[in-house]
Amino acid sequence: MQERKYKNITSTEEAKIPSFYKLSRNSGLEKLGINNTFDKSSDFANHLTLIKSKTLWDFNAIFAAINESKAISKIFINPEVKHTRKTVELKNIILKNLRSSLRNENGNPVLFAEDADINPNTFFYREQMNQLFEKNKFLIQGFKGTGKTYLYKALRDPKLVSVKNELLRLAHRNDQQDFEFIDIISLKGKGEPKSFDFDQIQLSKIQDKSYYFKNFWLVYTWNSIFLDADKRLGYSKKSTLHSYIKPYETAIETKQRFEELIFDQDKLALIEKDLVSLDLFLTEKKKSRLCFMTN
């Protein structure tokens, strides 16, 4: 596109056309600062080699272009240094502040949405999110880092109601329907009530896999919804199988509890009855509920 444009511009317009530079991925830079092992000597050596050898040709090209620019002095004004601290001391202070600000309360790097705290003031609303409340749009897809988990975490937290309200406003939803969000599968982590250790499922011992997983997800979804049905949906009717509705405790206990339901046709019929009853309740209350799943 840039080349095509250059062929159709005048000499006076050429100066107004920006220059384009490509940045390639570098595994050494991507690992910078996220090595949690005690031995960081090799990590440091790799970064030092990159800098000394100047092998980052794409970065070198960008900085060379900046240095050659006549307007660089207008962008970067030389500051007046009023402190007497040494450069090394200042670097240590900056690195110390970065270390604390870029890590969560557990000390892990905040690299992904799973580790980040959701801030409604800095939430990035994408245009595609306007379709979130359309019934025929039931699956959210996107590359890693596009905001799927961040959106999930924001909507599952009742304290972040401002995010939901802003999404409704952007989607122009001003009808009488009330939207609530229930997470079906918890994020991975200790103490999550809706977790499941899928390594416990032994595929070689399952004769009818289609039957097993169809009813596995029925049981899983039913258990997750009814854990929050009273608090989040206002549905207080007790299930006949209420003794089976429990948060995750241990991997083996959860698998055994689920399989007692999966292989019992009478209990599966009661689960379907529970879900139909809940659906009728929500229809009468003119409430629409969206259930989010995460991987």
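Reader: Which residues line the largest cavity?

Author: In this predicted model, the lining of the largest cavity is made up of P193, K194, S195, Y220, N223, S224, K246, P247, Y248, T254, R257 and F258. Two elements, α10 (209-233) and α11 (251-262), each give two or more residues to that lining.

Reader: What makes this space a cavity, and how many cavities of 30 Å³ or more are there?

Author: The word is used for a set of points where a 1.4 Å probe fits but cannot get out. By this rule the count comes to one cavity of 30 Å³ or more, and about 50 Å³ of space lies in the largest cavity. Rolling a probe the size of a water molecule over the atoms shows where empty space is left.

Reader: How many residues of the lining are nonpolar, polar and charged?

Author: Sorted by class, the lining of the largest cavity holds five nonpolar, four polar and three charged residues. Lys and Arg count as charged, and the lining includes K194, K246 and R257.

Reader: K194 is part of that lining; what makes its pairing with D228 a salt bridge?

Author: A salt bridge needs a side-chain nitrogen of Lys or Arg within 4 Å of a carboxyl oxygen of Asp or Glu. The side chains of D228 and K194 meet at 2.7 Å, N to O, so the pair fits the definition. D228 belongs to helix α10 while K194 sits in the loop between β1 and α10, so this salt bridge ties together parts that are 34 residues apart in sequence. Both D228 and K194 are buried.

Reader: Why is the contact between D183 and R156 called a salt bridge?

Author: The closest N and O atoms of D183 and R156 are 3.2 Å apart, and the cut-off is within 4 Å, so the name applies. D183 is in strand β1 (residues 178-183) and R156 in helix α8 (residues 148-156), so that the pair, 27 residues apart, links distant parts of the chain. Side chains of opposite charge can pair when their charged atoms come close.

Reader: Is D183 buried or exposed, and what is R156 called?

Author: Buried means under 20% relative accessible area, and because D183 has 6% relative accessibility, D183 counts as buried. R156, at 21% relative accessibility, counts as partly exposed, because that value is neither under 20% nor over 50%.

Reader: Which residues are linked in a network of salt bridges?

Author: The network links R156, D183, K194 and D228. The structure holds seven salt bridges.

Reader: What can be said of the salt bridge between E166 and R169?

Author: Here the side chains of E166 and R169 meet at 2.7 Å, N to O. Both residues lie in helix α9 (residues 161-170), where they are three residues apart, about one turn of the helix. E166 is partly exposed, with a relative accessible area of 23%, whereas R169 has 52% relative accessibility and therefore counts as exposed, the cut-off being over 50%.

Reader: Why is S24 called partly exposed?

Author: The relative accessible area of S24 is 40%, so S24 is partly exposed, a value between the cut-offs of 20% and 50%. S24 lies in the loop between α2 (11-14) and α3 (27-30), and its C-alpha atom is separated by 9.1 Å from that of F59, 35 residues apart along the chain.

Reader: How many helices and strands does the chain have, and what share of its residues count as buried?

Author: The secondary structure comes to twelve helices and two strands, and of the 295 residues of the chain, 28% count as buried.

Key
Residues are numbered from 1 along each chain as its sequence is written. This is a predicted model: local features need pLDDT of at least 70, side-chain atom pairs count only at pLDDT 80 or more; totals for chains, interfaces and linings use all residues. Side-chain values use heavy atoms; hydrogens and water are left out. On a 1 Å grid over the protein atoms alone, a cavity is a set of points where a 1.4 Å probe fits but cannot get out, and a pocket is an open set with protein on both sides within 12 Å along at least five of seven lines; lining residues have an atom within 4 Å of a point. Grid points are joined across faces, edges and corners, and a volume is the space filled by probe spheres set on the points. Helices (H or I, at least four residues) and strands (E, at least two) are DSSP runs, numbered from the N terminus. Buried means under 20% relative accessible area, exposed over 50%, partly exposed in between (1.4 Å probe, protein chains only).
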